[in-house]
Amino acid sequence: MHERLQRLRAALAERDLPAILLTAPTSRRYLSGFTGSAGALLISAEAAFLLTDGRYTVRAAAEAPAFTLREVRAALKPMPKLVAELAVELNLTRLGFEAAAMTVAEYQQFVQALGKTVELVATENIVEALRMVKDAGEIELLRRAAAITDAALAAVLPVLTPEMTEREAVWRIEVALHDLGADGPSFPIIVAAGRNSARPHHEPGHDRLGEGQPIIIDMGARLNGYHADLTRTIVLGQPDDTFRAVYAATLEAQQAAIRSLRPGLPWSEADAIARQVIETAGYGRGIAHSLGHGVGLAIHEAPWLRITAPDAPPSPPLQVGMVTSVEPGIYLPEWGGVRIEDLVLITDDGCELLSHAAR
């Protein structure tokens, strides 16, 4: 955690910010190790405070020993009042906050508590930028989460039947994830059969899996806060010619994109490579989303493998240690869809697959 704090402090210095208030759960966990569901961090060049309530003080002391613990009390010392006291203690005149993690109502409460002596400065993506490149411990957790995901899919595929409903299949996958050591699923599991598979984020219902039609399974294991993400498209019985053609185009797009991944490649170029394969195959109208996204403490985080507008700034480059999904899809409302997704780690000489489930 010390190295992460030092990198954050360097980022604050670049922005001429003496301190920052962090309220996003992923920021709390990444910088302190604290896993509780409520609290905030206040970090300056010299100090690091963890602010939480009495439900979590014992846990906070154990999980975040590098932080000074201060207790929030709903009536006597709510969070804004406690932050105002610490601002006086640290002699702060400017305090950054995470704009994307604070509501307007919360912002107004902090403004009132801090008064005119402390300027609240909105910041964006400071901690998220630090989290993009994973360290060895994070990569190991992601590798283990991906392995559990692979094993859970392998355990469930043999028991799927045409008469089983989407929701029944979801439950079997969730049980398998738990049995294999996951803390839970990374996100609500998707099982989408037939024409439902043309909806990228279909909510599983009582439709049966059926025979001879596409079935998209999108799943992932969550392990110690880190997420895996895997998608496979299968058929029970014999696939039709449309499935064979759409699947082949999707797989070719994914493999072409994976072959291109390397340090220095702009995020948008990987998307463009996969998109070109799909368009050349004649399925351009079936593209509904970008190629991929980073995965870590959040199931969707930077880097973002997506195209950019012509007048937008150049896309940032991939870096060693980034972990991203690669998940092209083709969706035809009158028929169904195909998506194939794997997790990939960017390495010195290209990339490494973290997912190993059969395609």
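For a chain of 359 residues, a compact globule would be expected to have a radius of gyration near 21 Å, and the value of 23 Å computed for the protein chain agrees with this expectation. The model is a predicted one. Taken along the principal axes, the C-alpha atoms of the protein chain fill a box of roughly 70 × 45 × 35 Å, and the secondary structure of the chain comes to 10 helices and 19 strands. Of the contacts in the protein chain with a separation of 6 or more, 65% are accounted for by residues 24 or more positions apart. Buried residues make up 53% of the 359 residues, while the chain exposes about 16,200 Å², of which carbon and sulfur atoms supply 53%.

With regard to charge, the protein chain carries 33 positive and 44 negative charges, the mean positions of which are 4 Å apart. The structure holds 16 salt bridges, and several of these can be described together with the accessibility of their partners.

The salt bridge between Glu301 and Lys134 has its closest N and O atoms 2.5 Å apart. Because Glu301 lies in strand E14 (residues 301-305), whereas Lys134 lies in the loop between helix H6 (126-131) and helix H7 (136-156), this pair ties together parts that are 167 residues apart in sequence. Both partners fall under the 20% limit that marks a residue as buried: Glu301 is buried with a relative accessible area of 6%, and Lys134 likewise counts as buried at 6% relative accessibility.

A further salt bridge is formed where the side chains of Glu327 and Arg339 meet, with an N to O distance of 3.9 Å. This pair links distant parts of the chain, since Glu327 is placed in the loop between strand E15 (323-326) and strand E16 (329-332) and Arg339 in strand E17 (residues 336-339), the two residues being 12 apart. Glu327 counts as buried at 9% relative accessibility, and Arg339 is also buried, with a relative accessible area of 2%. In addition, Arg4, Asp135 and Glu138 are joined into one network by salt bridges that share partners.

The salt bridge between Glu85 and Lys77, in which the closest N and O atoms are 3.3 Å apart, involves residues of another accessibility class. Glu85 is partly exposed, with a relative accessible area of 34%, and Lys77 also counts as partly exposed, at 28% relative accessibility.

Arg339 also appears in the surroundings of Tyr331, a residue placed in strand E16 and buried, with a relative accessible area of 5%. When residues up to four places away in sequence are not counted, Tyr331 touches Ser197, Ala198, Pro200, Ile216, Gly286, Ala288, His289, Gly336, Gly337 and Arg339. Among these contacts of Tyr331, Arg339 is thus found, the residue whose side chain meets that of Glu327 in a salt bridge. The C-alpha atoms of Tyr331 and Ile258, residues that lie 73 positions apart along the chain, are separated by 21 Å.

Definitions and conventions: Residues are numbered from 1 along each chain as its sequence is written. This is a predicted model: local features need pLDDT of at least 70, side-chain atom pairs count only at pLDDT 80 or more; totals for chains, interfaces and linings use all residues. Side-chain values use heavy atoms; hydrogens and water are left out. Helices (H or I, at least four residues) and strands (E, at least two) are DSSP runs, numbered from the N terminus. The radius of gyration is taken over C-alpha atoms; the globule rule is 2.2 Å times the number of residues to the power 0.38. Buried means under 20% relative accessible area, exposed over 50%, partly exposed in between (1.4 Å probe, protein chains only). Contact means heavy atoms within 4.5 Å. Accessible areas come from the Shrake-Rupley method with a 1.4 Å probe; for residues, only the protein chains shown count as cover. Lys and Arg count as positive and Asp and Glu as negative; His and the chain ends are not counted. The place of a charge is taken as NZ of Lys, CZ of Arg, CG of Asp or CD of Glu. A salt bridge is a side-chain nitrogen of Lys or Arg within 4 Å of a carboxyl oxygen of Asp or Glu.
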